[in-house]
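Let's take a walk through this model together, stopping at two places. Have the sequence and the 3D view open as you read.

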Amino acid sequence: MLRRLARLLPQNGRNRLRAWQLKSLDAWRGRRDPNISSTGESADVERDCRFCATARVGHLVIGNVAPTHPGPFEHEDYRLLLCTLCEVVYLDPQPSDRDLQTLYQDSVQFSDKTYSDDAAALRVLDSYTRRIDRLGLVPTAAQSVLEVGAGLAWVSRACKQRSPGVHTVAQDVSTECATACPWVDEYIVGTIQAVSREPRFAFASMTHVIEHLIDPAVMLIEMEARMLRGGHIYITAPYRPPLWKPREGIRPWLHYSYLHVPAHIAYLSQTWLRQAAAKARLEFVHWDDTHDGHQVFEAVLRKP
Ligand SMILES: [Zn+2]
């Protein structure tokens, strides 16, 4: 019934409805599990914020989180902090290089059914195609597009489908998908530094990647250097649990399907992205944090 009703609602109504469904489910689970039922037990601390690079700024300690990946990790005790200035929620401590290696080099990421089931793949492709259509980001045939942290390169695939003549370049640190994406003309295995630092791209995307980066601001600077004037950068990433307020504390985070510890280093904010875009000499064009039931944000930046 709810599902049928949801199909009749416009997209923003559907996202709102899904947010409320998830929120009531969280409250119900909270009542059943007394260990995580307490909310608002957050404390304040003053410390340097590594995201807005401000010294001695107020932070809210949201609460403790345990690894959601089997590891083994050097560090198993993490907590989530909220910087009251840039509003980024981030993992503390910062995961070590070795733990990041355990996450990315020693494991297979793309084995779940979204990646092997054709119907699921078509749904993902369709959702990216609709997004780039709606935002007016479809590149033209003579243009080049860059997909950062590409994995299976969904956005390149969507661009190719809309505009078969487009030249697609995908970059990823893992070799896992490099030979599985015929819609990618050039699949570069390595960091962003492996993509030549010259302005050649009219469109770049980074979907569900920026939350994994130790220094996301530097990535924006690296991307800006590779964009043509007037080029757009499309970003999506986990935002926070549906309609979460700091006074709700840690509980909604423990049920948040996008909480990946320690893979997701930060849940960024509009305030932070505006600041980081300005530092990278990019214009802030679009922000929408209502995706997937108010759990995911989408943003567009432009090189002037
Ligand atoms: Zn901050």
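What follows looks at a pair of helices and then at a single histidine.

Please keep in mind that this is a predicted model. Begin with helix α7, which spans residues 216-226, and helix α9, which covers residues 270-279. The two pack with their axes 9 Å apart and at an angle of about 45°. Angles from 35 to 65 degrees fall outside the roughly parallel and roughly perpendicular classes, so α7 counts as oblique to α9. If you look along the crossing, you will find that its hand is right-handed.

Which residues bring these helices together? From α7 come Pro 216, Ala 217 and Leu 220, and they meet Trp 272, Leu 273, Ala 276 and Ala 277 of α9. Sorted by character, the residues of this contact comprise seven nonpolar ones, with no polar and no charged residue among them.

Now turn to strand β2, residues 54-65, where you will find His 59. Is His 59 buried or exposed? Its relative accessible area is 0%, and a value under 20% counts as buried, so His 59 is buried.

The side chain of His 59 has polar partners too. One is the side chain of Tyr 90, joined to that of His 59 by a polar contact of 2.7 Å. Another is the backbone oxygen of Val 57, which lies 3.0 Å from a polar atom of the His 59 side chain.

Tyr 90 also appears among the residues that His 59 touches beyond its neighbours within four places in sequence. That list includes Ala 43, Asp 44, Val 45, Arg 47, Asp 48 and Cys 49, as well as Leu 81, Leu 82, Cys 83 and Thr 84.

How values were computed
Residues numbered from 1 in each chain as written. Predicted model: local features only at pLDDT ≥ 70, side-chain atom pairs only at ≥ 80, totals over all residues. Heavy atoms only, no water. Axes fitted to C-alpha atoms, helices over the stretch in contact; angles between N-to-C directions. Helix = DSSP H or I, 4+ residues; strand = E, 2+ residues; numbered from the N terminus. Parallel < 35°, antiparallel > 145°, perpendicular 65-115°, else oblique. Left-handed = near helix turned anticlockwise from the far one by under 90°. Contact = heavy atoms within 4.5 Å. Nonpolar A, V, L, I, M, F, W, Y, C, P; charged D, E, K, R; others polar. Buried < 20%, exposed > 50% of the residue type's maximum accessible area, 1.4 Å probe, protein only. Polar contact = N/O pair within 3.5 Å; in protein donor to acceptor, adjacent residues only side chain to side chain.
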